[in-house]
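Trainee: May we go through this model together? I would like to begin with the charged side chains.

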Amino acid sequence: MSDVVSELRTLLAEGTSRPWFDDGFGKIGHVDHGIGEMDYGDDGRLIVAAVNHLGALLDVAEAGHALSEWEDYTPSTGT
């Protein structure tokens, strides 16, 4: 999982800064320039929401992974 999280964090950092917006008709943009255009407005809204919230989702994924490792810890053996 950490490879996927690392890849997504890298892509997020290298891509156009956020927040992105959609115009409701499929056009995606940032501030005053377009990034792309989808055939369907719903696709544009989905992509914008995913990109704008990806950092928080990755934080939750990493926290969940850390918690699962902590839950496997056995205090009596230290492993």
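Mentor: Certainly. This is a predicted model. Let us begin with E62, which is partly exposed, at 38% relative accessibility.

Trainee: Which residue forms a salt bridge with E62?

Mentor: The partner is R9, and the closest N and O atoms of the pair are 2.9 Å apart. E62 belongs to helix α2 and R9 to helix α1, so the salt bridge ties together parts that are 53 residues apart in sequence.

Trainee: And is R9 buried or exposed?

Mentor: R9 counts as partly exposed, with 28% relative accessibility.

Trainee: Which other residues are linked with R9 in a network of salt bridges?

Mentor: The network consists of R9, D59 and E62. Between D59 and R9, the closest N and O atoms are 2.5 Å apart. That pair also joins helix α2 to helix α1, so parts 50 residues apart in sequence are tied together. D59 is partly exposed, its relative accessible area being 45%.

Trainee: How many salt bridges are there by this rule?

Mentor: The count is three. One of them is formed by the side chains of D42 and R45, at 2.0 Å from N to O. Both residues lie in helix α2, three residues apart, which is about one turn of the helix.

Trainee: What are the relative accessible areas of D42 and R45?

Mentor: For D42 the value is 53%, so D42 is exposed. For R45 the value is 35%, and R45 is partly exposed.

Trainee: Moving to the interior, which residues make up the largest nonpolar core?

Mentor: That core has eight residues: V5, L12, W20, I28, V48, V51, L54 and L58. Two elements, α1 (2–14) and α2 (41–71), give two or more residues each. The most comes from α2, which gives four residues. As a general point, nonpolar side chains in soluble globular proteins tend to be buried together.

Trainee: What is L12 in contact with, leaving aside its neighbours within four places in sequence?

Mentor: L12 is in contact with R18, V51, L54 and G55. Of these contacts, V51 and L54 are also members of the core.

Trainee: Let us turn to the strands. What is the order in the open sheet?

Mentor: The three strands run in the order β1-β2-β3, with antiparallel pairing. The edge strands, β1 (21–22) and β3 (33–37), each pair on one side only.

Trainee: Over how many bridges do β2 and β3 pair?

Mentor: Strand β2, residues 27–30, pairs with β3 over four bridges in the antiparallel sense. As one example, K27 has E37 in β3 as its bridge partner.

Methods. Residues are numbered from 1 along each chain as its sequence is written. This is a predicted model: local features need pLDDT of at least 70, side-chain atom pairs count only at pLDDT 80 or more; totals for chains, interfaces and linings use all residues. Side-chain values use heavy atoms; hydrogens and water are left out. A nonpolar core is a set of buried Ala, Val, Leu, Ile, Met, Phe, Trp, Tyr and Cys residues joined through side-chain atoms within 4.5 Å. Buried means under 20% relative accessible area, exposed over 50%, partly exposed in between (1.4 Å probe, protein chains only). Contact means heavy atoms within 4.5 Å. Two strands pair if DSSP finds at least two bridges between them. A salt bridge is a side-chain nitrogen of Lys or Arg within 4 Å of a carboxyl oxygen of Asp or Glu.
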